[in-house]
Amino acid sequence: MSAASLDGGHLKAFIERIERLEEEKKAIADDIKDVYAEAKGNGYDVKIMRKIVSLRRQDENKRREEEEILDLYLSALGEQ
């Protein structure tokens, strides 16, 4: 693709949309950070909360399979 064949207006619109979305993403990340700080201030363990959020994002079958493998490995190590 040559510079002459590029639609500068179209490209600029894409770039500006991406920049706006990046700003929104940062604002949302800041909001999430604030919620975790508030939870911590109320005595909750933020590390565990992050783990729960991560687990809830996973597919239920995949999560169950990982838990079974973890249990199996811990058992093999005599940890359970």
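## The loop residue N42

N42 lies in the loop between α1 and α2, the latter covering residues 46-57. In this predicted model, N42 has a relative accessible area of 56%. Because exposed residues are those over 50%, N42 is classed as exposed.

The side chain of N42 is nevertheless engaged in a contact with the backbone: the backbone oxygen of E38 is reached at 2.9 Å. A longer separation can also be given for N42, since its C-alpha atom is 18 Å from that of V53. These two residues are eleven apart along the chain.

## Overall architecture

The secondary structure of the chain consists of three helices, with zero strands. Read along the sequence, the order is α-α-α.

The radius of gyration of the chain is 22 Å, whereas a compact globule of 80 residues would have a value near 12 Å. Along the principal axes, the C-alpha atoms fill a box of roughly 70 × 35 × 20 Å.

## Burial and surface

Of the 80 residues in the chain, 4% are buried. The chain exposes about 7500 Å², and 56% of this area is supplied by carbon and sulfur atoms.

A nonpolar patch on the surface, of about 350 Å², is formed by L6, L11, I15 and I18. One of these residues, I18, is located in helix α1, which comprises residues 8-41. The relative accessible area of I18 is 47%. Because the partly exposed class lies between the limits of 20% and 50%, I18 is described as partly exposed. As background to the spacing of residues on a helix, an α-helix has 3.6 residues a turn, so residues three or four places apart point the same way.

## Helix α3 and its ends

Helix α3 covers residues 60-76, a total of 17 residues. At 1.5 Å a residue, α3 should span 24 Å, and its end C-alpha atoms are 24 Å apart, so the expected and computed lengths agree.

Both ends of α3 can be described at residue level. The N-terminal end is capped by D59, which has a side-chain oxygen 3.2 Å from the backbone nitrogen of N61. After α3 comes G78, with a positive phi near 75°.

Key. Residues are numbered from 1 along each chain as its sequence is written. Side-chain values use heavy atoms; hydrogens and water are left out. Patches are made of residues with over 30% relative accessible area and no salt bridge: like charges are joined within 9 Å, nonpolar side chains (Val, Leu, Ile, Met, Phe, Trp, Tyr) within 5 Å. Accessible areas come from the Shrake-Rupley method with a 1.4 Å probe; for residues, only the protein chains shown count as cover. A salt bridge is a side-chain nitrogen of Lys or Arg within 4 Å of a carboxyl oxygen of Asp or Glu. Helices (H or I, at least four residues) and strands (E, at least two) are DSSP runs, numbered from the N terminus. Buried means under 20% relative accessible area, exposed over 50%, partly exposed in between (1.4 Å probe, protein chains only). A polar contact is a pair of N or O atoms within 3.5 Å; within protein, one must be able to donate a hydrogen and the other to accept it, and residues adjacent in sequence count only if both atoms are side-chain atoms. The expected span of a helix is 1.5 Å times one less than its number of residues. The radius of gyration is taken over C-alpha atoms; the globule rule is 2.2 Å times the number of residues to the power 0.38.
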